[in-house]
Amino acid sequence: MQTLESPFGDVALARVPERKKQPLRAWDAADEFVLRHLADEPLADGARIVLVGDAFGALACALREHDPVVVNESAAGAQAIAENLGRNTLKYLEAYSILDLETLTDPIDCVVVKIPKSGSQLVDILHRLRPHVHAETRIIGAAMAKHIHTSTLETFESIIGPTKTSLAEKKARLIFSTFDYALSPGKNPWPTVWSTHGVTTTNHGGGFSPSGLDVGTRFLLDNITTFSHLVPETGEPVRMVDLGCGNGIIGLRAALHLTASGANFLIDAVDDSALALAAAETSWEATLPGIAEERVAFRHHHRLIEVVDKRSVDLVVVNPPFHEDRVVGDHTAWDMFTDAHKVLRPGGSLVVVGNRHLAYHAKLKKVFGMVDTLASNKKFVLLQARR
Ligand SMILES: C[S@@+](CC[C@H](N)C(=O)[O-])C[C@H]1O[C@@H](n2cnc3c(N)ncnc32)[C@H](O)[C@@H]1O
């Protein structure tokens with residue numbers, strides 16, 4: 001745990017998941033800049049403030065007295081915000097998805113947008129914010145200076161209105177945008193719908209590979225021609241986990257195969273991102289209407305072991321994320337592999353696709369003992385580890 005010295009008082013903060021040798025803080029210099037700015041130019045009493053992308057609740061905790069609306073897609077992030085508020089004996093705040101914003105009835109007086117890594121997510125966020133802001137709304141973007149590009153400013157200019165930036169402080173910058181009524185930003189291009197491998201997917205701007213099928217996922221789907229040979233025959237419905245389900249494509253492809261082979265199934269679609277789960281639900285409804293209601297549990301969580309029983313599953317399939325925020329690392333993959341080992345029944349399998357250089361083979365061997373290579377090319381490997 002570390003302490004953020006804020007002009008609104010010190011705040012104790014930790015990330016979720018907490019790691020033993022955690023090199024990263026639960027806030028960045030852009031959060032500090034936002035707080036200094038709001039201390040210099042205070043919000044009016046009762047001002048309605050919305051915080052978008054406040055990763056671990058640094059802003060929510062410091063600004064708690066304003067009762068902010070917190071927008072955070074990550075289940076780990078929502079847990080961090082709740083825990084950090086508790087740590088500072090502040091009252092709980094629920095985290096919402098940007099998709100929930102349309103239910104917001106009061107106009108917003110101030111919105112802080114932490115600039116997301118993906119430009120398409122920023123486009124989606126600003127389109128969804130636009131109906132809730134007005135000429136008096138203080139619209140503030142914040143990021144480390146190296147993450148603010150000309151295209152970032154152009155996105156604000158084209159969707160919100162005239163935009164300028166601050167000078168850099170501690171390598172962070174703020175963006176100030178003013179709502180322009182006369183601007184016609186066009187329709188939000190997100191979500192998109194595209195079909196491949198018999199599956200119709202929905203994709204939000206902040207989802208994984210929203211513009212088309214990821215090459216790693218394609219490698220997995222092209223090399224598994226039937227899912228039924230991956231599961232032990234028990235005579236019971238196949239229990240499968242689509243781990244890090246994204247738009248739901250892997251689970252849906254498995255469901256199509258299993259249905260064609262006459263097998264029954266129950267699937268847990270698990271993802272840390274609320275945007276991913278919303279997309280996956282729509283993809284299921286578009287591809288196999290009416291099936292998800294009875295056979296799929298959509299679970300918004302960052303730890304599989306917290307939402308699926310031990311030794312209950314025949315098959316876990318995953319294309320693991322290899323970065324947290326903007327930081328590349330294999331922590332999440334490790335968590336996924338160890339959790340998968342716990343939830344699999346003896347004889348059950350974990351199937352993993354990944355870039356060759358990520359060396360998942362060695363990691364899986366450590367957790368499972370044995371690993372088979374189902375397919376490989378210069379860039380990707382598709383591995384099966386049996387419990
Ligand atoms: C590489 S993408 C794969 C998405 C999809 N399965 C596909 O192949 O197109 C990884 C997914 O894992 C999700 N994710 C990240 N951390 C996670 C965690 N701790 N638990 C579950 N899902 C997570 C991300 O939100 C993302 O949707």
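I began with the vocabulary: helices and strands here are DSSP runs, a helix needing at least four residues and a strand at least two, numbered from the N terminus. The model is predicted, and I read it that way throughout.

**Entry: two positive phi values**

With those labels I could place His197, which sits in the loop between β10 and β11 (199-203). I looked up its phi and found a value near 50 degrees, positive in a residue other than glycine. Is His197 buried or exposed? I found 15 other C-beta atoms within 10 Å, so His197 is partly exposed.

Asp67 gave me a similar note: its phi is positive, about 55 degrees, and Asp67 is not a glycine. I traced Asp67 to the loop between α2 (58-62) and β4 (69-71). Asp67 counts as partly exposed because it has 13 C-beta neighbours inside 10 Å.

**Entry: cis peptide bonds**

I went on to omega angles. Val16 and Pro17 are joined by a cis peptide bond, with omega about -5 degrees. Pro17 belongs to the loop between β2 (9-13) and α1 (29-40). I also noted a cis bond from Trp190 to Pro191, where omega is near 0 degrees. Pro191 is found in the loop between β9 and β10 (192-196).

**Entry: the open sheet**

Next I followed an open sheet of seven strands, and its order reads β5-β4-β3-β6-β7-β9-β8, with mixed pairing. Which strands stand at the edges? They are β5 (95-96) and β8 (163-165); each has a single partner strand, so one side of each lacks a neighbour in the sheet. A reminder to myself: strands of a sheet pair through backbone hydrogen bonds, either parallel or antiparallel.

I then picked out one pair. Strand β7 (residues 138-144) runs antiparallel to strand β9 (residues 172-177), and six bridges link them. If you want a spot to zoom in on, Gly141 has Ile175 in β9 as its bridge partner. Helix α5 (residues 150-159) packs on this sheet and touches β7, β8 and β9. I noted the angle between the directions of α5 and β8 as about 150 degrees.

**Entry: helix α4**

How many residues of α4 (residues 119-129) are buried? I got nine of its 11, so the helix is mostly covered. Among them are Gln121, Asp124, His127 and Arg128, along with Leu122, Val123 and Ile125. The cover over the buried residues includes β3 (49-52), β6 (110-114) and α5.

**Entry: helix α7**

Helix α7 (residues 249-260) has 12 residues, and I read 17 Å from its first C-alpha to its last, close to the 16 Å expected at 1.5 Å a residue. Its buried residues include Ile249, Ile250, Gly251, Leu252 and Arg253. What do the buried residues of α7 pack against? I listed β11, α6 (215-223), β12 (238-243), β13 (265-271), α8 (274-287) and β15 (313-318). After α7 comes Gly262, with a positive phi near 80 degrees.

**Entry: around the ligand**

Last, I turned to the ligand, which 18 residues surround. The closest are Thr217, Gly244, Gly246, Asp272 and His302. From α7 and β13 come at least two residues of the shell each. By class, I noted seven nonpolar, eight polar and three charged residues in the shell.

Definitions and conventions:
Residues numbered from 1 in each chain as written. Predicted model: local features only at pLDDT ≥ 70, side-chain atom pairs only at ≥ 80, totals over all residues. Pairing = 2+ DSSP bridges. Contact = placed C-beta atoms within 7 Å. Axes fitted to C-alpha atoms, helices over the stretch in contact; angles between N-to-C directions. Buried ≥ 20, exposed ≤ 12 C-beta atoms within 10 Å, placed from the backbone. Expected span 1.5 Å × (residues − 1). Near = placed C-beta within 6 Å. Nonpolar A, V, L, I, M, F, W, Y, C, P; charged D, E, K, R; others polar.
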